[in-house]
Amino acid sequence: MSDATAVPQLQLFLWGTPSAPNPTLTSPLEDSATAQTATFSSAPLDSAGAKLTGDFLFAVRNKAGFTEVCYIPTSGMSADGLTATGVIRGINTGGGSIDYTATGGDDYRAEHEQGSAVFCPASSTHNNIIMDWIQGTGSMASGGTTLTLGDETDTDVTIEAALTSTVGFLRKDAGTGKAQYSNDGAAWVNIDSVSASNLIEVSAADTTPGYLDTKITVDADTMAKTITSPGGDERLELSASGGLADMIDDVTATATEVDQALSGISANVTQANLDTLTAGAASNADALHTHSDTAISFTAGESITEDDAVCLLPIEVEYFAQLTEGDLVLGQTNALRAYAIKITPSETTSTLTTMQFRAKESVNGATTLGDLDISIQGDNAGEPDGTPIANGSANAITQATQRTWNTTYGTRTATWAASPTLTAGTTYWIVFEVNGTDNTNYLRLGDNSTYDENYFTFTRLIYDLDAATWGNSSTTLTPFFWFNSQVKLLGMVVVPTDANFGGRTWGFVGFAESTVSAGASVNISTKLYDGLTGLEPGKDYYISATAGEVTDSPPTPTGSNGTMRYKIGRAYNTTNLAIRLGEKKTWATQNVSATTTYPIITWFRPNEVYCNNGTAGAGQYWGGQGTGYYNIGIDEYFSANSVTGEPFLYDCDRGDGAGTLNTGTGTATTDVGFTVSNTNSSGGNEIILTMIG
């Protein structure tokens, strides 16, 4: 027989009553396992006098005097209490380890005649089952290891203590699934709640539980311990306390001396003082004055590869007096009705009031294109979205104003009546468009076609009115545009540097610490970069003619707007390069033909410029040199031997032995360079430029 798993049958009941004192079988029970229906002369009743419905034991005694114990299953009784079906026959009355709810036994079954007495049994079975259940040793305890309570439904199961007022002290909460305890039978606490049940111990050997505040001790000189949100959702907060001399108490220098040393105002803290640290390798005194490299986050204007040398450029294309400019035809045909320049500010700004650009007429005083409209529009899938942002439309530049420009390029101004707000990291388009078309009397915008590589790369689109589409995407021939209402109004970006182009050389700031795409953020190492390979310790390094690279061989100088020698630092070892951004000296050469005025473009404003003679032209011998100084107050270069503002002399008047006089002068200038003239008619000259700044 199987072990029993539940004990609902242990109920005593009343069968004989004054009106029916001797209950009996009203039909015989055969000695057969299939004889499972019993009929009674009266119904068995519980203590309240209600008819039992099943799930109980009864006994029947035949005429020979043998008593058989039977089990009536749940719902096995008829409504009138006189018929039982599914009766389990032959229950072993001597043990409590039989699952009599399922099967009986042949040894304890007999034949019972009609009229045999039936009654409520009180046998050792009840006592055995109860003891096995309480002690957890019998089959009713699911194998003897578990005490099982409950009625097999999802309700709270509680163990109570019979005190003056009976209260529960342990229970299984059906709602939370938690084991709980209570001290008063009313307030129940989850046993897994540390804050309430105080279960903290330091180790397995700890004999006394306690609170964290008690179990954790600190050195008041170095650590503070504070309970935050007391009486609520408490936290135990640990924080450092005291100064450096308190935290490292074996430093012989005083806290004041350490503070002074770190501030650079005292040398009292010596190597000997700091070497008294005894906390292992990490306490080496060198560690206290070794600083990690300073990395600054920038926005990448173009794709950058890790280890690239990068330079800082403004998000604009500023025109300088020494630059030549190309033409962008605007309004000659419907296919040339508008230009758009893609910009993504690296800084949020709301101070945009004016923008400068370069423009002229194709025919003097004859423009017939209507208004020139300049606006800032949002982006739609890589094109202007057609709608100016809030306050994004500049005041229209009328046809009458355009006709005053004539055919000479000049700096023009677009003015916004109210400042639009440009948000960092958001793509916008600056759109130039006219309201008419004229094959002859159109406008020209000045572009930086000769110097694209010296600027941050912009995307430019052209609008075709007939096709009603933007097209002809290009990263060259960008119209000049810049802002005077705020210096570098759109912010700055970093791009790979290059010794081939002055604009990307002198703006060098450091090395990229990761590979990123255009528009992404990138950290730039600005002091000591440790990500290079193959360096030769002790050697000086220069910007290379290969974009983003460095070299220990200075590039061969070319024209002033070509390759430049720019030293950036010295190698400490094979991977570490100390970046030095102090005053620099660079060299370049420039050929100036006979009777030619030539722009010397430096792409920065050197403090000093030396012009030395190189190779003379045919039949010529040049000698001497000139020196020019930059005057930031008036934004001009001037001669070393002249008053401020006079022309910059780059050469003297030595002859070639035949009496021919050669002179060369440099004009007073603004911007990023100056112009020189060779007034001799019989030959050219190579000028060697040395620029310091």
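# Exercises on a predicted chain

Of the 693 residues of the protein chain, 40% count as buried. The model is a predicted one, and the chain in it carries 8 helices and 42 strands. Among contacts between residues at least 6 apart in sequence, 67% join residues at least 24 apart.

## Exercise 1

Describe the salt bridge of Arg109 with Asp31, placing both residues in the chain and stating how buried or exposed each one is.

Solution. Begin with the distance: the closest N and O atoms of Arg109 and Asp31 are 3.0 Å apart, and the cut-off for a salt bridge is 4 Å. Next, place the partners: Arg109 belongs to the loop between β5 (88-91) and β6 (117-119), whereas Asp31 belongs to the segment before β1 (38-39), so that the pair links distant parts of the chain, 78 residues apart. Then turn to accessibility: Arg109 counts as buried because its relative accessibility is 14%, under the limit of 20%, while Asp31, at 44%, counts as partly exposed. Finally, widen the view to the network of salt bridges, in which Asp31 and Arg109 are linked together with Asp106. The structure as a whole holds 14 salt bridges.

## Exercise 2

Find where Glu325 and Arg358 lie in the chain, and decide whether each is buried or exposed.

Solution. The side chains of Glu325 and Arg358 meet in a salt bridge, with an N to O distance of 2.7 Å. Glu325 is in the loop between β14 (309-314) and β15 (326-330), and Arg358 is in strand β17 (residues 354-361), so this pair, 33 residues apart, links distant parts of the chain. Both Glu325 and Arg358 are buried. A further salt bridge joins Arg171 and Asp173, whose closest N and O atoms are 3.3 Å apart; there, Asp173 counts as buried because its relative accessibility is 10%.

## Exercise 3

Work out in which sense strands β11 and β12 pair, and over how many bridges.

Solution. Strand β11 covers residues 223-228 and strand β12 covers residues 235-240, and the two pair in the antiparallel sense over 6 bridges. As a check on the register, Met223 stands opposite Ala240 in β12. The connection comes last: β11 and β12 form a hairpin with 6 residues between them, and in its turn Ser229 has a positive phi of about 50 degrees.

## Exercise 4

Compare the settings of Asp307 and Asn406, two residues with a positive phi.

Solution. The backbone rule comes first: most residues other than glycine have a negative phi. Asp307 nevertheless has a positive phi of about 80 degrees, although it is not a glycine, and for Asn406 the value is near 60 degrees. As to position, Asp307 is found in the loop between β13 (295-299) and β14, and Asn406 lies in the loop between α8 (399-402) and β20 (410-415). As to accessibility, Asp307 is partly exposed because its relative accessible area is 27%, and Asn406, at 31% relative accessibility, likewise counts as partly exposed.

## Exercise 5

Characterise the largest pocket by its volume, the residues closest to its centre and the classes of its lining.

Solution. The volume of the largest pocket is about 470 Å³. Of the 18 residues that line this pocket, Leu313, Pro314, Phe320, Lys488 and Trp603 are the closest to its centre. By element, β14 gives the most to the lining, with 3 residues. By class, the lining has 11 nonpolar, 3 polar and 4 charged residues.

## Exercise 6

Which residues are in contact with Ser544, apart from its neighbours within four places in sequence, and how far is Ile524 from Phe511 in sequence and in space?

Solution. Ser544 is found in the loop between β30 (540-543) and β31 (550-551), and it is buried, with a relative accessible area of 11%. Leaving aside the neighbours within four places, Ser544 is in contact with Asp498, Ala499, Glu549, Val550 and Thr551. For the second part, Ile524 lies in strand β28 (residues 521-525) and is buried, with a relative accessible area of 0%. Ile524 and Phe511 are 13 residues apart in sequence, yet their C-alpha atoms are 5.3 Å apart in space.

Key. Residues numbered from 1 in each chain as written. Predicted model: local features only at pLDDT ≥ 70, side-chain atom pairs only at ≥ 80, totals over all residues. Heavy atoms only, no water. Helix = DSSP H or I, 4+ residues; strand = E, 2+ residues; numbered from the N terminus. Buried < 20%, exposed > 50% of the residue type's maximum accessible area, 1.4 Å probe, protein only. Pairing = 2+ DSSP bridges. 1 Å grid on protein atoms, 1.4 Å probe; cavity = no way out; pocket = protein on both sides within 12 Å on 5 of 7 lines; lining within 4 Å. Points joined across faces, edges and corners; volume = space filled by probe spheres on them. Nonpolar A, V, L, I, M, F, W, Y, C, P; charged D, E, K, R; others polar. Contact = heavy atoms within 4.5 Å.
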